[in-house]
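Welcome, and please open your viewer before reading on. We will go from stop to stop, selecting a few residues each time and looking at what is there.

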Amino acid sequence: KHSSDNGLTWDADVQLTTDAAQSIYPSLSVYGSLVNVVWGEGRDSNWEIYYKRSTDKGITWDPDTRLTNNSSDSFNPSVSANGSNVNVVWYDFRDGNGEIYYKKSSDSGLNWEPDMRLTNNSGSSIAPSIAVSDSTVHIVFQDDRDGAHKIFYIRSTDTGTNWEQEISLTDDDSSFLPSVTVSNLNVHIVWAFEYPLNREIFYKRSTDNGLTWDSHIRLTNATAESWLPSVAISDTILQVVWRDGRDGNYEIYYKRNTNANVSAVEDDQTNIPKHFSLYQNFPNPFNPSTTIKYSIPSVTLRQAQSDIHVSLKVYDVLGNEIETLVNEEKPAGTYEVTWYAENLPSGVYFYQLKAGEFIQTRKMILLK
């Protein structure tokens with residue numbers, strides 16, 4: 001389905017597959033007028049990965065291309081395109097257990113290089129997600145090599161030719177179903193974490209192209225299951241959707257951060273604070289950016305009931321709200337948010353932290 005006016009109106013449905021077998025788990029990526037779709041399909045007596053493309057923004061479509069050809073089942077493909085490079089990742093069982101495989105086309109999906117196996121361990125590596133920016137390919141996946149379900153990350157900085165060693169992004173033993181998106185050097189992932197009595201959505205990001213990673217941030221705190229998250233970014237707006245059962249049956253929920261690439265958020269949970277604190281911004285006066293630091297007192301990741309809703313907003317001297325920097329549930333820690341005010345005039349501004357019953361306001365000066 002396609003909209004040409006930013007989602008206001010939609011064209012009619014277009015059926016992309018016609019085989020009698022099931023076609024499931026589609027993934028879509030767009031670069032300019034090239035639309036790429038991959039999915040799993042059972043037409044070949046076992047599950048294989050198929051690809052289809054449109055070069056005119058989805059008006060007409062080329063025939064299907066089968067990307068995998070082995071005796072085992074291949075599942076859960078994910079696609080990401082950048083320029084003429086189309087990158088696909090999936091997992092299959094040709095090696096006896098689930099492993100992550102990768103395939104690339106350098107000519108906009110016309111021809112494809114051989115499969116490349118990215119994981120090789122005694123556990124199962126499944127549910128991959130891929131995102132590409134410039135020459136760097138980012139992949140996250142679920143892995144149980146250590147006897148626990150964790151989220152792993154692997155990247156290539158030369159358009160998929162060579163790959164670095166994968167790293168674990170989560171320390172807890174119940175992390176599932178990651179999704180990744182990227183914009184320039186900012187890499188954002190979400191996943192589902194399973195508490196003993198519930199499932200919630202968590203978030204993590206890297207601001208240096210995957211070299212180092214901030215601490216996790218919890219995005220949901222509902223009484224029912226939150227599951228199957230997906231993340232995407234457009235300009236500075238990071239958007240997350242997931243399946244949620246808080247209304248008695250499964251519904252789709254949405255959350256967004258409007259400053260995902262301009263507000264650097266960090267938390268420090270190695271030294272858990274004992275009191276709420278809102279610190280003076282630095283530098284002050286500033287032009288055009290300044291950092292605001294605040295602290296939330298002690299809880300732990302598994303103490304779900306102790307997470308607290310935090311709001312950090314910027315106001316002008318008339319009390320008009322200028323921007324929301326933070327508006328979400330957070331565990332204990334010390335956080336920093338960088339505010340960019342390049343489009344605002346010089347003057348006095350105020351920033352206010354609300355966390356539970358704690359409220360504090362401080363003044364800052366933008367001087368251009």
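## First stop: an enclosed strand

Select β10 and look at its side chains: T136, H138, V140 and Q142 point one way, V137, I139, F141 and D143 point the other way, and all of them are buried. Keep in mind as you look around that this is a predicted model.

Why is strand β10 described as largely enclosed by the rest of the structure? Strand β10 covers residues 136–143, and 8 of its 8 residues are buried, so the rest of the structure largely encloses it. Buried here means under 20% relative accessible area.

## Second stop: the sheet around β10

Now add the neighbouring strands to your selection. They belong to an open sheet of 4 strands in the order β9-β10-β11-β12, with antiparallel pairing. At the edges stand β9 and β12 (167–168), each with a single partner strand, so one side of each has no neighbour in the sheet.

Start with β9, residues 125–133, which pairs with β10 in the antiparallel sense over 7 bridges. Two pairs to pick out are I130 with its bridge partner I139 in β10, and S129 with its bridge partner V140 in β10. Then follow the chain round the hairpin of β9 and β10, where 2 residues lie between the strands and D134 takes a positive phi near 55°.

On to β11, residues 150–156: this strand runs antiparallel to β10, and 7 bridges join the two. Select F141 and you will find F152 of β11 standing opposite. The hairpin of β10 and β11 has 6 residues between the strands, and G147 takes a positive phi near 80° there.

## Third stop: backbone angles and peptide bonds

Here is some background for this stop. Most residues other than glycine have a negative phi, and most peptide bonds are trans.

Go back to β9 and select A127, which lies in that strand. A127 is not a glycine, yet its phi is positive, at about 55°. Is A127 buried or exposed? A127 is buried, because its relative accessible area is 11%, under the 20% cut-off.

Next select N184, in the loop between β13 and β14. N184 also has a positive phi of about 55° although it is not a glycine. N184 counts as exposed because its relative accessible area is 55%, and exposed means over 50%.

For the peptide bonds, move to the loop between β21 (277–278) and β22 (289–296), where P283 has its place. A cis peptide bond joins F282 and P283, with omega about -5°. P285 lies in the loop between β21 and β22 too. N284 and P285 are joined by a cis peptide bond, with omega about 0°.

## Fourth stop: another open sheet

Select β13 to β16 and you have an open sheet of 4 strands, ordered β13-β14-β15-β16 with antiparallel pairing. Its edge strands, β13 (175–183) and β16 (217–218), each pair on one side only. Between β14 (residues 186–194) and β15 (residues 199–206) there are 8 bridges, in the antiparallel sense. One pair to select there is E194 and its bridge partner R199 in β15.

## Fifth stop: two buried charged side chains

Select R53, in strand β3 (residues 48–54). R53 is buried, with a relative accessible area of 12%. What does the side chain of R53 reach at 2.7 Å? It is the backbone oxygen of S108. The side chains of R53 and D62 are joined by a polar contact of 2.6 Å. Leaving out residues up to four places away in sequence, R53 touches several others, including L34, N36, W61 and L110.

Then pick D92, found in strand β6 (residues 85–92). D92 is buried, with a relative accessible area of 0%. A polar contact of 2.7 Å joins the side chains of D92 and R94. Beyond four places in sequence, D92 touches residues that include N70, S72, G98 and Y101.

## Last stop: a patch on the surface

Finish by selecting V241, I252 and Y254, which form a nonpolar patch on the surface with about 300 Å² of accessible area together. V241 is in strand β18 (residues 237–244), and V241 counts as partly exposed because its relative accessibility is 34%.

How values were computed: Residues are numbered from 1 along each chain as its sequence is written. This is a predicted model: local features need pLDDT of at least 70, side-chain atom pairs count only at pLDDT 80 or more; totals for chains, interfaces and linings use all residues. Side-chain values use heavy atoms; hydrogens and water are left out. Patches are made of residues with over 30% relative accessible area and no salt bridge: like charges are joined within 9 Å, nonpolar side chains (Val, Leu, Ile, Met, Phe, Trp, Tyr) within 5 Å. Accessible areas come from the Shrake-Rupley method with a 1.4 Å probe; for residues, only the protein chains shown count as cover. A salt bridge is a side-chain nitrogen of Lys or Arg within 4 Å of a carboxyl oxygen of Asp or Glu. Buried means under 20% relative accessible area, exposed over 50%, partly exposed in between (1.4 Å probe, protein chains only). Two strands pair if DSSP finds at least two bridges between them. A polar contact is a pair of N or O atoms within 3.5 Å; within protein, one must be able to donate a hydrogen and the other to accept it, and residues adjacent in sequence count only if both atoms are side-chain atoms. Contact means heavy atoms within 4.5 Å.
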